[in-house]
Structure formats: C-alpha cells, structure tokens
Amino acid sequence: MAVELTYFEGRGLGESVRFMLAATGTEFTETFLKDKAHMTALRNDGDLMFMQVPLLKIDGLKLVQSQAICRHLARKHGMDGKTPEDKARVDMINEGARDFLSKFFPIGFAPNTEAIKEDIKNKHFVRFLPIFEKLLAGNSSGYLVGDGLTYADVTLFEALLNAEDNIPGCLDKSPKVKAFKAKIGSLPRIKAYLEGPQRKPAPTPEYVKHAMSVLS
C-alpha cells in the first residue's frame with residue numbers, strides 16, 4: 001500500500017516525518033498544499049482530526065500530529081527502545097530534542113531572525129548542548145540510547161542540522177555531539193535522503209508567504 005505525505009513543499013513540521021520515513025526505509029510520495037481551498041477540502045473531508053498538517057496515509061490509517069506519526073513509525077520499525085526502561089528513556093530524550101529543535105522553527109517566519117539566532121546561541125545552546133554531550137559520553141555506541149538508532153537520535157540530528165545551518169561552528173565545543181551528527185548523517189538511508197530530491201531547502205520568503213496564505 002502506497003505511503004503518502006501531505007504537507008507544504010518545505011521543511012517545517014513535515015521534515016521530522018520525512019526523516020523518520022527515510023530512516024525506516026519507507027518509500028513515500030508527497031502531495032503539496034496548493035492553496036487555501038486545498039487545505040479547506042482536506043478539513044471538510046475529515047482527513048485532518050485536528051485540522052492541521054502534516055497528514056500521513058500509511059497502513060490504511062490517516063495519521064496527523066507530527067510526533068504521533070514519528071512514534072508510529074518508530075514503534076513499527078523497532079526504533080523506540082528495546083526494553084520498557086529504554087522506551088521511557090527514548091521518549092524522554094526525544095521530547096528534550098524536540099524542545100531544542102522547536103527553537104529553530106521561527107527562523108525565516110519571524111521578522112527578527114537575527115535576534116532569534118542570538119537567543120538560541122546565548123540561551124538555548126547553553127541549556128541543551130551540555131545535556132546531549134553528557135548523554136552521548138555515557139553511551140559507547142555513539143547513539144543516545146542503547147546500541148542502535150532510535151527516533152530520539154533522528155530528532156536530535158534534525159535539530160543539529162538546523163543549528164549548524166544557522167550558526168556555523170556552534171558544535172565545535174561539543175565534540176561528542178559533533179561526532180554524533182557526523183555518525184547519523186553518514187548512515188546510508190539518512191545520507192541518501194539528505195542528498196535526494198525529497199529533502200527540502202530552508203524556507204524562502206516566497207515559501208513563507210505561500211504557507212501563510214494557505215493557513216490564513
């Protein structure tokens with residue numbers, strides 16, 4: 001059965017879903033939101049439980065809420081931890097990594113982009129990077145939990161891509177985190193996604209204008 005992701009032709013909340021689809025080796029097609037009428041039709045058809053995208057059609061399901069989608073993929077492919085204790089730890093770390101990732105979402109959308117970057121640099125790097133550095137130092141596998149890839153690793157990797165894209169060199173004083181980013185980025189499925197056509201560019205003013213018009 002075909003897997004279909006409906007979202008904007010950009011990163012946003014859909015990018016976490018794309019990374020998990022890539023990490024699990026799940027081939028998927030994409031439907032991009034064209035205009036406000038397209039969004040209204042999805043809502044009227046009952047496809048969007050909470051009236052929001054992304055929407056993933058998979059396994060006969062119509063899934064919404066990006067983190068629910070990511071957790072479904074993680075559970076289906078054994079990327080949520082092996083034991084109850086590991087599962088709890090993966091969930092906990094993923095929530096923290098998601099908090100870190102969310103700090104980058106306003107970039108490109110808010111008018112004060114440089115101020116946002118300074119806030120991330122001066123406040124959120126200081127808060128989050130030492131935590132992830134310590135977690136990675138405590139696990140010889142190079143992953144956050146256990147000896148294999150979990151969805152928490154994928155979330156943190158996405159956050160670190162955003163970090164270095166927006167503030168180059170920001171990981172230089174966090175060697176474990178920097179090595180982690182290189183490790184995850186070299187995994188064949190992740191590497192193929194990053195180099196492939198389904199990886200979207202950073203938001204442009206045109207993309208932001210389109211997204212806002214659809215959601216208005």
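Here is a quick tour of a predicted model, from its overall build to its pockets and a few local details.

## The overall build

Start with the parts list: the protein chain has nine helices and four strands. Read from the N terminus on, the elements go β-α-β-α-β-β-α-α-α-α-α-α-α.

As for size, the C-alpha trace of the protein chain spans about 50 × 40 × 30 Å along its principal axes. A compact globule with 216 residues would have a radius of gyration near 17 Å, and the protein chain has 17 Å, so the two agree.

## The largest pocket

If you go looking for open space, the largest pocket holds about 620 Å³ of it. Its lining is made up of 30 residues, and the closest to the pocket's centre are Arg 11, Gly 12, Leu 13, Phe 105 and Phe 109. Four helices give two or more residues to this lining: H1 (14-23), H2 (36-44), H6 (151-166) and H9 (205-215).

Which helix gives the most to the lining of the largest pocket? That's H6, with five residues. Sorted by class, the lining of the largest pocket has 19 nonpolar residues, along with five polar and six charged ones.

## The second largest pocket

The second largest pocket has about 190 Å³ of space. Around it you'll find Leu 21, Ala 22, Gly 25, Thr 26, Glu 27 and Phe 28, plus Arg 189, Ala 192, Tyr 193 and Gln 198.

Two helices, H1 and H8 (188-195), each supply at least two residues of that lining. H8 gives the most, with three residues. The class split for the second largest pocket is five nonpolar, three polar and two charged.

## A cavity

How many cavities of 30 Å³ or more are there? The count comes to one, and the largest cavity has a volume of about 30 Å³. Its lining residues are Ser 16, Phe 19, Met 20, Gln 67, Cys 70, Arg 98, Val 154, Thr 155 and Glu 158.

H1, H3 (66-76) and H6 are the elements that give two or more residues to the lining of this cavity. By class, that lining has four nonpolar, three polar and two charged residues. H1 and H6 are names you've met already: both also give two or more residues to the lining of the largest pocket.

## Where H7 meets H8

Two packed helices are described by the angle between their axes and the distance between the axes. Here, the axes of H7 (residues 175-186) and H8 come within 5 Å and cross at roughly 85 degrees. Angles of 65 to 115 degrees count as roughly perpendicular, so that is how H7 and H8 lie to each other.

On the H7 side, the contact involves Ile 184, Gly 185 and Ser 186, and these meet Pro 188, Ile 190 and Lys 191 in H8. In terms of class, the contact of H7 with H8 has three nonpolar, two polar and one charged residues.

## Two backbone details

Now for a couple of spots in the loops. The peptide bond from Val 53 to Pro 54 is cis, with omega near 15 degrees. To find Pro 54, look in the loop between H2 and strand S3 (55-58).

What about the other end of S3? The loop between S3 and strand S4 (61-64) holds Asp 59. Asp 59 is not a glycine, yet it has a positive phi of about 55 degrees.

Notes: Residues numbered from 1 in each chain as written. Predicted model: local features only at pLDDT ≥ 70, side-chain atom pairs only at ≥ 80, totals over all residues. Heavy atoms only, no water. 1 Å grid on protein atoms, 1.4 Å probe; cavity = no way out; pocket = protein on both sides within 12 Å on 5 of 7 lines; lining within 4 Å. Points joined across faces, edges and corners; volume = space filled by probe spheres on them. Nonpolar A, V, L, I, M, F, W, Y, C, P; charged D, E, K, R; others polar. Axes fitted to C-alpha atoms, helices over the stretch in contact; angles between N-to-C directions. Parallel < 35°, antiparallel > 145°, perpendicular 65-115°, else oblique. Contact = heavy atoms within 4.5 Å. Rg over C-alpha atoms; globule rule 2.2 N^0.38 Å.
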